[in-house]
Each structure stands twice: as C-alpha cells, then as structure tokens.
Amino acid sequence: MKRLDEFARIVLLTEGASNHFVGKTAICMLRYRTDDICAVLDSEEQGKTANDLFHVGGAVPVVGSLDEVENADALVIGIAPPGGKLPANWRHIILTAISRKMTVVSGLHDFLANDDEFRIAAKSAGANLIDIRRNDENRTATGEPFSQDCFRVHTVGQDCSVGKMVVSVELQRALIKRGINAGFAATGQTGIMISGNGIPIDCVVADFVNGAAERLVRSMEHHEMVVIEGQGCITHPAYSAVTLGLLHGCAPQAMVLCYEAKRTHVKGFSDTPLQPLENLISLYEQMATVRVPSKVVAIGLNSRLLSEEEFRAEKDRVSNELGLPVCDVIREGADSLADAVLEYRRNITQ
C-alpha cells in the first residue's frame with residue numbers, strides 16, 4: 001500500500017461542511033499539498049475554487065461529484081468534526097470512490113474498515129481503506145532520557161483548533177532554512193496526511209498515550225531538532241487528558257503557545273471562558289517540568305479574524321504583556337519563532 005504522501009490525484013471531501021470550523025483537514029491539505037489536490041467535492045459549492053471557500057488552495061476546483069474528476073487515486077475525508085463521526089449522507093460518495101478503486105483515507109473516529117458495507121465493497125473492487133487513527137500502540141512510557149543531540153520543541157494551545165499543526169510545520173520549515181536538520185512529529189490525522197507518518201495520539205488508549213509520544217520522538221532522534229505537533233489544551237474540559245499525556249511523553253525542552261485572537265470561550269463549551277495566556281504558560285511549564293526543565297519561548301498568534309491593523313496591535317500588546325516574541329506564521333512566516341527557539345537552545349546549552 002502506498003504511503004499517504006505518495007498520492008498525487010487527491011479529491012478532498014467536504015460535502016456540506018466547507019467551513020473553517022470543521023474543514024481544517026481540507027484547509028491544511030490545500031495549504032501543504034496543493035499540487036496533489038485535483039478537486040474539492042462539495043455539491044453545495046460547485047463551480048467555486050478552493051480559494052473561494054477556504055482562502056487557500058488557489059484555483060483547485062470545487063466539484064459536485066466524482067464524475068467531474070479524472071484519474072483520481074484517493075478520496076480524503078476533509079473534515080475533523082467534534083466526535084469524529086462520518087456524515088450519513090456521505091456514504092454514497094465513499095461507495096462511488098470505492099467502486100472506482102480509489103483509496104479512501106479517513107481521519108475520523110468512525111473507522112471505515114469497521115463498516116461492513118465499506119469493507120465488503122472495497123474487497124470486491126480491490127480498493128484500499130485507510131483509517132489514519134487506527135493504531136496498535138500498547139506500551140507505557142519508560143521515562144528514559146532522550147538523546148542530548150536532539151532538541152525537542154512542542155506546540156501547545158490555549159484551545160483546540162487554534163493552529164498548532166500549522167505553527168509546527170512552519171517552524172520546522174524555518175529551522176530547515178537556517179540549516180538545522182529539523183523533523184516534524186505529526187500527532188494528529190491532518191499532520192499525518194501531510195507528512196506521511198506519525199501517531200494519532202488522540203486515538204491511543206489512555207495508559208499508552210505517554211508511551212506512544214515517547215516512542216514517536218525516539219524514532220526521530222536522528223534529527224538535530226524535532227518539532228512535536230500539539231493536541232487539544234491542558235485545561236480543555238474534554239481533551240485535557242491527551243494534551244497532558246502528549247506533553248509528558250514528548251518531554252519538550254521548549255514550547256510555543258498558540259492561540260486564536262478574538263476567541264473567548266473553549267471550543268464546544270460556550271459557557272467556559274478561555275484561560276488567560278499567562279495562566280496557561282505557568283500551567284504548561286509546571287506540568288512539562290515534571291519530566292524535564294521546559295519553557296514557553298514564543299507565542300503563535302492565529303489572527304485570521306483580524307484586520308492588518310488589528311493584527312499589529314494584538315501582536316504588540318501580547319508581546320509587551322508576556323515579554324515573548326509573537327508571530328502569525330501565515331501572515332509573516334515563522335522566522336521569529338525559529339530565532340526564539342535557537343536562542344533558547346543556545347542559552348541552556350552554554
């Protein structure tokens with residue numbers, strides 16, 4: 001079976017859900033694998049472009065059915081909805097893709113291979129079903145020290161879906177531009193789809209989350225640096241467990257705290273206000289230092305809801321209040337984040 005990064009004619013399925021709230025998988029695939037995407041499938045938005053829907057992806061067409069696409073080799077589920085459920089009205093689209101021997105790739109908690117109709121159809125057609133979140137992790141963490149030759153950086157968040165994966169990828173790229181042999185450790189379905197490998201940490205049995213994260217980092221210790229994608233938030237009422245397990249498992253020496261400007265309440269919990277950034281910095285540093293000394297060295301700002309003037313004001317305000325560099329990697333690249341990480345590494349290794 002081909003690796004996920006080897007598919008070159010991908011259709012992203014976002015039928016009826018082409019929005020920033022649940023469509024982050026499609027958005028990130030369009031941003032980082034643009035050349036491999038031949039179409040977005042959403043019959044409600046047919047005739048538009050990916051850029052019209054998501055402000056990324058350029059002229060990639062939005063089609064109404066697979067009949068409009070030639071020689072596609074994969075159908076990728078492009079949404080990450082709360083609970084990870086497959087929309088019932090998508091079944092016929094998936095069955096059509098299977099009948100065309102396309103590989104169907106899903107990052108949902110509803111595994112395609114556990115569905116009798118999909119499994120039987122795929123076997124009959126000779127098609128493949130790939131469930132990104134399926135894993136066989138079954139070992140606890142050892143707590144053994146990591147290699148001193150590989151510096152670990154972890155993106156952490158004020159909430160879910162604030163841009164931790166994007167900051168991770170952009171930070172890795174900025175480090176590589178500086179001649180650093182930097183790796184990206186994907187821990188979520190979208191990161192795995194982009195990079196081709198990783199561990200779906202939010203679908204690992206609770207006792208094994210720390211161990212899975214530890215082993216993922218160990219597998220990348222041939223890099224001079226490894227940037228570990230964060231998940232959830234340490235104070236999120238639903239997802240704090242996976243955040244803390246990942247934090248302890250990867251034992252970062254430096255962290256980048258990510259947040260979205262203008263967001264006021266926890267995603268999915270409209271009566272729960274977000275914790276202030278300064279509180280979260282303290283919490284993350286205390287929890288991370290249980291295993292190794294660790295500091296938040298920079299802030300990743302998601303300013304998609306801000307005008308340019310509002311962005312500049314927000315950046316200055318947060319930087320002054322926290323005494324840390326603040327950067328929106330989409331607007332301005334990740335150079336300042338890379339500088340902060342490298343400076344911190346120099347300071348603690350001198």
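What follows is a walk through the sheet, the helices packed on it and the charged contacts of this predicted model.

The sheet is a good place to start. Six strands make up an open sheet, and reading across gives the order β8-β9-β7-β10-β11-β12, with parallel pairing. The two edge positions go to β8 (182–185) and β12 (326–327); each has a single partner strand, so one side of each is left without a neighbour in the sheet. Further in, strand β7 (residues 151–157) runs parallel to strand β9 (residues 225–228), and 4 bridges join the two. Within this part of the sheet, R152 stands opposite V226 in β9.

Two helices can be placed against these strands. Helix α8 (residues 240–250) lies across β7, β9 and β10 (254–260), and its direction is at about 170° to β7. Helix α12 also packs on the sheet, where it touches β7, β9, β10, β11 (295–302) and β12. The direction of α12 makes about 180° with that of β11.

Next come the charges. The model holds 27 salt bridges in total, and a few of them are worth a visit. One is formed by R91 and E117, whose closest N and O atoms are 2.8 Å apart. This pair ties together distant parts of the chain, with R91 in helix α3 (residues 91–99) and E117 in helix α4 (residues 116–125), 26 residues apart. Neither partner is hidden away: R91 has a relative accessible area of 24% and is partly exposed, while E117, at 41% relative accessibility, is partly exposed too. R91 has a second contact, as its charged end sits over the ring of F118, 4.3 Å from the ring centre. A similar arrangement turns up at R218, where the charged end sits over the ring of F146 at 4.6 Å from its centre. As for rings paired with rings, the count of aromatic pairs is 0.

Another salt bridge brings helix α12 back into the story. K177 pairs with D335, with 3.6 Å between the closest N and O atoms. Here too the link spans distant parts of the chain: K177 belongs to helix α5 (residues 164–177) and D335 to helix α12 (residues 335–349), 158 residues apart. K177 is exposed, at 65% relative accessibility, whereas D335 is partly exposed at 32%.

D328 and R331 also meet through their side chains, in a salt bridge of 3.9 Å from N to O. The two ends sit in contrasting surroundings. D328 has 5% relative accessibility, which is under the 20% limit, so this residue counts as buried. R331, at 33% relative accessibility, is partly exposed. Both residues belong to a wider network of salt bridges that links E308, R312, K315, D328, R331 and E332.

Finally, there is a loop residue to look at. S270 lies in the loop between β10 and α9 (277–288). S270 has a relative accessible area of 67%, over the 50% limit, and therefore counts as exposed. Measuring out to E68 gives a sense of where S270 stands: the two residues are 202 apart in sequence, and their C-alpha atoms are 40 Å apart in space.

Key
Residues are numbered from 1 along each chain as its sequence is written. This is a predicted model: local features need pLDDT of at least 70, side-chain atom pairs count only at pLDDT 80 or more; totals for chains, interfaces and linings use all residues. Side-chain values use heavy atoms; hydrogens and water are left out. Rings of Phe, Tyr and Trp (its six-membered ring) pair if their centres lie within 6.5 Å; planes under 30 degrees apart count as stacked, over 60 as edge-to-face and the rest as tilted. A charge sits over a ring if NZ of Lys or CZ of Arg is within 6 Å of the ring centre and within 35 degrees of the ring normal. A salt bridge is a side-chain nitrogen of Lys or Arg within 4 Å of a carboxyl oxygen of Asp or Glu. Buried means under 20% relative accessible area, exposed over 50%, partly exposed in between (1.4 Å probe, protein chains only). Two strands pair if DSSP finds at least two bridges between them. Contact means heavy atoms within 4.5 Å. Axes are lines fitted to C-alpha atoms, for helices over the stretch in contact, and angles run from 0 to 180 degrees between N-to-C directions.
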